[in-house]
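User: Please take a close look at the aromatic residues in the interior of this protein and at the parts of the chain that surround them. I should like one connected account rather than a list.

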Amino acid sequence: MYVCIVWYGVIFVHKGLYRSGTFKFRLTLPEDYPQRPPSITFLTDMFHPLVDDEGNLSISQQFPVWRPYRDYLFHVLFYLKNIFKKSVLDGLNDKYCLNKEAYRLYRTDIIVFSKLAQQCAQLSITESYLYEHIPDNNMIRFSPLSDAKFGKEDDLFITSVYMVI
């Protein structure tokens with residue numbers, strides 16, 4: 001019987017080309033992890049050189065050969081955080097990029113790329129993406145807050161786990 005572990009996450013980007021973005025993702029650990037690497041799929045539309053049309057993130061630039069018991073999940077999550085940073089975008093190799101057009105634009109027309117990246121970030125924080133695009137088994141759910149529903153702001157305590165850039 002094939003059993004894999006599926007986790008859901010959200011990354012909040014505060015700086016750079018994707019600033020203000022709230023990107024939901026699914027992380028899948030294969031049955032034989034750590035022998036094989038985890039995979040990450042964005043649930044939010046993503047315009048990024050390392051992400052294909054289906055939302056799949058290529059981790060091959062950072063992990064060209066997966067090394068069991070040397071490469072771990074926390075390394076992959078750290079890389080996920082870093083893919084939005086200029087230093088990683090500047091160092092991308094074409095052969096690892098799943099979105100060749102995004103890669104080309106980043107290299108040749110940073111103004112257009114910046115607009116598309118920011119459009120992607122802004123789309124990620126629209127009500128439909130924040131509140132509706134939720135797989136049934138994803139326990140991470142956003143909903144609008146209102147004083148009428150939750151009382152005074154001083155009485156509201158929220159505990160969250162998320163990645164901040």
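Analyst: The account below begins with confidence, then turns to the core, its aromatic residues, one helix and some details of the backbone.

The model is a predicted one. Its mean pLDDT is 88, with 86% of the residues at 70 or more. Among the elements, helix α3 (residues 100-108) has the highest mean pLDDT, 98, and strand β4 (residues 163-164) the lowest, 48. Over residues 155-162 pLDDT stays under 50, and the model has five contacts beyond four places in sequence for this stretch. Where pLDDT is low, the predicted coordinates should not be read in detail.

The largest nonpolar core holds 35 residues, of which Tyr18, Phe23, Phe42, Leu57 and Phe84 touch the most other members. Two or more residues come to this core from each of β2 (22-29), β3 (39-42), α1 (73-82), α2 (86-90), α3 and α4 (110-124).

Tyr18 serves as a starting point. Leaving aside neighbours within four places in sequence, Tyr18 is in contact with Val13, Phe23, Met46, Phe47, His48, Pro49, Phe84 and Leu89, and also with Phe113, Ala117, Gln118 and Ala121. Tyr18 also belongs to an aromatic cluster, whose other members are Phe23, Phe42, Phe47, Phe84, Tyr106 and Phe113.

Aromatic pairs can be followed through the whole structure, where a search finds eleven of them. A pair of aromatic rings is described by the distance of the centres and the angle of the planes. For Tyr33 and Trp66 the ring centres are 6.5 Å apart and the planes stand at 45°, so this pair is tilted. Tyr33 lies in the loop between β2 and β3 and Trp66 in the loop between β3 and α1, so their pairing ties together parts that are 33 residues apart in sequence. Tyr33 is partly exposed, its relative accessible area being 23%, whereas Trp66 counts as buried at 12%. The boundary for buried is under 20% relative accessible area, so Tyr33 and Trp66 fall on opposite sides of it.

Phe42 and Phe84 make an edge-to-face pair, with 6.3 Å from centre to centre and 85° between the planes. Phe42 belongs to strand β3 and Phe84 to the loop between α1 and α2, so this contact of rings ties together parts that are 42 residues apart in sequence. Phe42 is buried, with a relative accessible area of 4%, and Phe84 is likewise buried, at 2%.

Helix α4 contributes to the same core. Its 15 residues should span 21 Å at 1.5 Å a residue, and its end C-alpha atoms are 21 Å apart, which agrees. Phe113, Ala117, Gln118, Cys120, Ala121 and Ser124 are the buried residues of α4. Viewed down the axis of α4, these buried residues fall within an arc of 155°, so they line one face of the helix. Ile111, Lys115 and Gln119 are exposed on the other side. The buried residues of α4 are covered by elements that include β2, α3 and α5 (127-131). Among these buried residues, Phe113, Ala117, Gln118 and Ala121 are also contacts of Tyr18.

A further approach to Phe23 comes from strand β1 (residues 5-12), in which Gly9 is found. Gly9 is buried, with a relative accessible area of 11%. Not counting residues up to four places away in sequence, Gly9 touches Phe23, Lys24, Phe25 and Ile140. The C-alpha atoms of Gly9 and Ile140 are separated by 7.3 Å, although these residues are 131 apart along the chain.

Some backbone details complete the picture. Most residues other than glycine have a negative phi, and most peptide bonds are trans. The peptide bond from Tyr33 to Pro34 is cis, with omega near 15°, and Pro34 has its place in the loop between β2 and β3. Ser20, in the loop between β1 and β2, has a positive phi near 75°. Ser20 counts as partly exposed at 40% relative accessibility. Tyr69 has a positive phi as well, of about 65°, and is found in the loop between β3 and α1. Tyr69 is exposed, with a relative accessible area of 53%.

Note on methods:
Residues numbered from 1 in each chain as written. Predicted model: local features only at pLDDT ≥ 70, side-chain atom pairs only at ≥ 80, totals over all residues. Heavy atoms only, no water. pLDDT = per-residue confidence, 0-100. Helix = DSSP H or I, 4+ residues; strand = E, 2+ residues; numbered from the N terminus. Contact = heavy atoms within 4.5 Å. Core = buried A, V, L, I, M, F, W, Y, C linked by side-chain atoms within 4.5 Å. Buried < 20%, exposed > 50% of the residue type's maximum accessible area, 1.4 Å probe, protein only. Expected span 1.5 Å × (residues − 1). Arc of directions from axis to C-beta. Phe/Tyr/Trp six-rings, centres within 6.5 Å; stacked < 30°, edge-to-face > 60°.
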